[in-house]
Amino acid sequence: MRKIDITEKLSFEENPELVIKGKELTVNSDAPTVLRVMGIMGEDNPGVKEILQAYNLIFPEDARKTIDDMKLSLADLITVIREAINLIVGDIPEKEQ
């Protein structure tokens, strides 16, 4: 049986963080999470259900509690989610109208 060790070719970086009001919030950036989020947010018009799914995937429980305690408006929460997505996948171009 052939075996190939590819460990040295892989990047085991830590998860990035967003900073809001001095609080550091971890953003999950593992490939399966990023692919799920891209699939969810790739919809033409993601609704509340899709935004909530992305929120729950992107932020671990402790980060979600910190965000919840901030009592953000819906618009601000969407901004936080969008910035977290940009952080883990890069800028998502807006579709031309």
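F12 counts as exposed in this predicted model, because its relative accessibility is 64% (exposed means over 50% relative accessible area, buried under 20%, with a 1.4 Å probe and protein chains only). F12 sits in the segment before β1 (17-20), and together with I4, I6 and L10 makes a nonpolar surface patch of about 440 Å². Patches take residues with over 30% relative accessible area and no salt bridge, nonpolar side chains being joined within 5 Å; a salt bridge would be a Lys or Arg side-chain nitrogen within 4 Å of an Asp or Glu carboxyl oxygen.

Next along the chain comes a hairpin of β1 and β2, with two residues between the strands. Strands here are DSSP runs of E, at least two residues long, and helices are runs of H or I of at least four. β1 pairs with β2 (residues 23-26) in the antiparallel sense over four bridges, where pairing takes at least two DSSP bridges. L18 stands opposite L25 in β2, and K21 in the turn has a positive phi of about 50°.

Then there is helix α1 (residues 31-41), whose buried residues are T33, V34, V37 and I40. These lie on the same side of α1 because they cover an arc of only 130° around the axis, taken from the directions from the helix axis to the C-beta atoms. Their cover includes α2 (48-58) and α4 (74-89), with contact meaning heavy atoms within 4.5 Å. A31 and L35, on the other side, are exposed.

Local features need pLDDT of at least 70, and side-chain atom pairs count only at pLDDT 80 or more, while totals for chains, interfaces and linings use all residues. Residues are numbered from 1 along each chain as its sequence is written, and side-chain values use heavy atoms, leaving out hydrogens and water.

Conventions. Patches are made of residues with over 30% relative accessible area and no salt bridge: like charges are joined within 9 Å, nonpolar side chains (Val, Leu, Ile, Met, Phe, Trp, Tyr) within 5 Å. Accessible areas come from the Shrake-Rupley method with a 1.4 Å probe; for residues, only the protein chains shown count as cover.
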